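I opened this notebook to keep a record of what I looked up, one topic at a time. The structure comes first, and my entries follow.

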Amino acid sequence: MAEKHIATYLNDHLAGSTAALELLEHLEAAHAGTEVARFAAGLRADVAADREELEALMDRLQVAQSRTRRAAAWLTEKASELKLRWDDRASGALHLLEALDALSLGIEGKRGLWRALAAAAEDAPALQGVDYEGLTRRAEEQRRRVEALRLDAARRALIPEP
């Protein structure tokens, strides 16, 4: 049963990374030539690196990647993008705020993934040998960066214009 649980858990997080990467690509394109685009590109590189760490762990554990879960995550991101466009057709501050909300939550989930795996690794040798502490710190740094931009977007989106 535990093998099925770890496979489900890891695949859920792999699917989440698919959605995050897609969302970051949209932000980068929608804000081309701006600081937001540069931010999205940098964060996308970080998320891709974290995804590679997760894929390497899955390979080591011989956990097959679920195409179904990845496809569902891709579709969910597309539906989310439609929702964001519906709420803010100009892809303005509200669009950015809600996209950053989603990214922030996803990064917190990733931080939780690394912490959960570190805890499980104490009793599961197969999960050992990964720098969970470093990955957790990287997620915390990513979240801090997103939060700064998110709060700036909140100021622009939520404060009524005079």
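Before starting, I wrote down the cut-off I would need: a residue is called buried when its relative accessible area is under 20%, exposed when that value is over 50%, and partly exposed in between. I also noted that what I am reading is a predicted model.

Entry 1, the aromatic pair.
I looked up Trp114 and found a relative accessibility of 1%, so I entered Trp114 as buried, because the cut-off is under 20%. Tyr132 has a relative accessible area of 6%, and I entered Tyr132 as buried too. I then asked myself how many aromatic pairs the structure holds. The structure holds one, and the partners in this pair are Trp114 and Tyr132, whose rings are 6.5 Å apart from centre to centre, with 40° between their planes, so that the pair is classed as tilted. Trp114 sits in helix H4, while Tyr132 belongs to helix H5, which covers residues 132-158, so the pair ties together parts that are 18 residues apart in sequence.

Entry 2, how the two helices lie.
Having met H4 and H5 through that pair, I wanted to know at what angle H4 and H5 pack. I found an angle of about 160°, with the two axes 8 Å apart. Since angles over 145 degrees count as roughly antiparallel, I wrote that H4 and H5 are roughly antiparallel to each other. I added that the crossing of H4 and H5 is left-handed.

Entry 3, a salt bridge from helix to helix.
My search of the whole structure gave 14 salt bridges, and I began with one that joins the side chains of Arg150 and Asp101, where N and O are 2.9 Å apart. Arg150 is in helix H5 and Asp101 is in helix H4, and this pair links distant parts of the chain, 49 residues apart. I then asked whether Arg150 is buried or exposed. At 19% relative accessibility Arg150 counts as buried, because the limit is under 20%. Asp101, with a relative accessible area of 28%, is partly exposed.

Entry 4, salt bridges inside a helix.
Next I looked up Arg111, which forms a salt bridge with Glu108, the closest N and O atoms being 2.7 Å apart. Arg111 and Glu108 are three residues apart in helix H4, so about one helical turn separates them. For Glu108 I noted 31% relative accessibility, which counts as partly exposed.
In helix H5 I looked at Arg144 and Glu141, whose side chains meet in a salt bridge of 3.1 Å from N to O. Arg144 and Glu141 are also three residues apart, and are therefore separated by about one helical turn. Arg144 is exposed at 51%, because exposed begins over 50%, whereas Glu141 is partly exposed at 34%. I also recorded a network in which salt bridges with shared partners join Glu108, Arg111, Glu140 and Arg143.

Entry 5, Leu103.
Last, I looked up Leu103, which lies in helix H4, residues 93-121, and is buried, with a relative accessible area of 5%. Which residues does Leu103 contact, once neighbours within four places in sequence are left aside? I listed Ala20, Leu23, Leu24, Leu27 and Leu43. I closed with a distance: Leu103 and Arg150 are 47 residues apart in sequence, and their C-alpha atoms are 9.7 Å apart in space.

Methods: Residues numbered from 1 in each chain as written. Predicted model: local features only at pLDDT ≥ 70, side-chain atom pairs only at ≥ 80, totals over all residues. Heavy atoms only, no water. Buried < 20%, exposed > 50% of the residue type's maximum accessible area, 1.4 Å probe, protein only. Contact = heavy atoms within 4.5 Å. Phe/Tyr/Trp six-rings, centres within 6.5 Å; stacked < 30°, edge-to-face > 60°. Axes fitted to C-alpha atoms, helices over the stretch in contact; angles between N-to-C directions. Parallel < 35°, antiparallel > 145°, perpendicular 65-115°, else oblique. Left-handed = near helix turned anticlockwise from the far one by under 90°.
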